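Take a walk through this structure, from a closed space inside to the chain as a whole. Keep the sequence beside the 3D view.

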Amino acid sequence: MGALSTAETGQRERSYLHAEVETMPREQLAQLQLERLRATVANAYENVPLHRQRLEAAGMRPADLRSLEDVERLPFTVKTDLRDHYPFGMFARPQGELARLHASSGTTGKPTVVGYTLQDIGNWADLMARSLYSGGVRPGDVVHNAYGYGLFTGGLGAHYGAERLGAVVVPMSGGSTEKQVGLIMDFKARVLCATPSYALAIAEVALQQGVDLRKSGLRIGMFGAEPWSAAMRHEIEARIGLKAVDIYGLSEIMGPGVACECECQEGLHGWEDHFLFEVIDPESGKPVPEGQAGELVITTLTKQALPMLRYRTRDITRMTTARCDCGRTHARILRITGRNDDMLIIRGVNVYPSQIEAVLLTRPNLAPHYQLVVERKGILDDVRIEVEALPGVSADGFRAIARDVAHHIKSMIGISTDVMVQAPGTIPRSQGKAVRVRDLRPKEI
Ligand SMILES: [Zn+2]
């Protein structure tokens, strides 16, 4: 464990779980990445027929990787590759060497299945522990884990990481929201792990029970698994009275803990000793200059069972390698604003739901619960925003609030919307990943 340099007043505490690697000079980190990239490509080439075929088609052999820039010569991998090779066709290890399987709930077709060796699980626990620590969690803290346990990677990912760190895990999973409130209070949880939308749902149920979570022991929220705006962060921090930390991951790459904010909260450190990050233009597939927005592409560097070469996450973000005040040298992913497939094209304007969320949360009298309904009216796409008023706001005022919201969305984002302000409690609450968009447009065939 890293030494605590108890700094003078006003300075940030600089302490790390894996000090040597978290503060490794970038040249040294790049050298480690290159060694591990070569080993990963060799693993994929030798053990996964799909990767071998694609590498051969690209005229690449593992020995051809001379510098990190050569990663751009590797073929991309996409989510449908996992579906097309369901269930185990992308695995680089035989069944006898696997320790665990997880799967995503495919809304259409087959789920995507991911596998881990015992060493993969160990690395995941380490990275999740490192992520929790960088967010401010410490050994001995009671960690209330409200991520869903099961095939979804959120629950077990946070669980193993918290245990590895030396925290005390409460394996609550999602649901039974009233009970969650009771246990948070009784066990004096310091940390809440949940999706941001479920954290809000817990806070709301607490208030209905007469419990103000701002007076609870909660100090840190480790929130992820869905994109959320900065405005939503402020809302959650104000309602629960904790520091809301953004954590990122995806099961195809590992699960939660691929990247996490430090206490500076100025971007999520992507753990570059285990992953190689790129940002590309989603149209051309070419890298974009540092700091420019594009699609996040990740190559795993240590995964045994499921090595991933240039996996296209469809998450849109920007990255920076500028040194962070915390002293960590790992590059930062600047908040994920949305996923390419969440992007709505409304009358020719590209819109992310998080942009609408950001506007909603700046308006007075509104609760942070909303849904976007997209319909086709004639040949045009039509967006209806259903949002809740705060308790105590009179129904007579709903129309005026709706007009105000529509006006601000038009001026900030440039699209016309129908806004329906509804009574408190009307919008369905999530217990995991929130459903923010209901797209009722006819599916294109
Ligand atoms: Zn930092």
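Which residues line the largest cavity? This is a predicted model, and that holds for every value below. The lining is made up of Tyr-116, Asp-120, Asn-123, Trp-124, Leu-127, Ile-253, Met-254, His-274, Phe-275, Thr-302 and Lys-303. Helix α5, residues 118-134, is the top contributor, with four residues. By class, six of the lining residues are nonpolar, three are polar and two are charged. The volume of the largest cavity is about 70 Å³. With a threshold of 30 Å³ or more, a search of the whole structure turns up one cavity.

Now turn to an open space. The second largest pocket has a volume of about 570 Å³. Three elements each give two or more residues to its lining: α2 (26-47), β10 (275-280) and β12 (311-320). In total, 23 residues line this pocket. Phe-277, Glu-278, Val-279, Glu-290 and Thr-321 lie nearest its centre. The class count for this lining is 12 nonpolar, five polar and six charged residues.

Next, pick out one helix. Helix α7 spans residues 177-186. Which of its residues are buried? They are Thr-177, Gln-180, Val-181, Leu-183 and Ile-184. What do these buried residues pack against? Their partners are two strands and a helix: β3 (142-145), β5 (191-194) and α8 (196-208). After α7 comes Lys-188. Its phi is positive, near 55°.

Finally, step back to the whole chain. The chain holds 11 helices and 19 strands. Its C-alpha atoms fill a box of roughly 70 × 60 × 40 Å along the principal axes. How does the radius of gyration fit the length of the chain? A compact globule of 445 residues would have a radius near 22 Å, and the chain has 22 Å, so the two agree.

Burial and contacts add to the picture. Of the 445 residues, 55% count as buried. Take the contacts in the chain with a separation of 6 or more: residues 24 or more positions apart account for 66% of them. The accessible surface comes to about 19400 Å². Carbon and sulfur atoms own 51% of that surface.

Terms used
Residues numbered from 1 in each chain as written. Predicted model: local features only at pLDDT ≥ 70, side-chain atom pairs only at ≥ 80, totals over all residues. Heavy atoms only, no water. 1 Å grid on protein atoms, 1.4 Å probe; cavity = no way out; pocket = protein on both sides within 12 Å on 5 of 7 lines; lining within 4 Å. Points joined across faces, edges and corners; volume = space filled by probe spheres on them. Nonpolar A, V, L, I, M, F, W, Y, C, P; charged D, E, K, R; others polar. Rg over C-alpha atoms; globule rule 2.2 N^0.38 Å. Buried < 20%, exposed > 50% of the residue type's maximum accessible area, 1.4 Å probe, protein only. Contact = heavy atoms within 4.5 Å. Areas by Shrake-Rupley, 256 points an atom, 1.4 Å probe, with all protein chains shown as cover.
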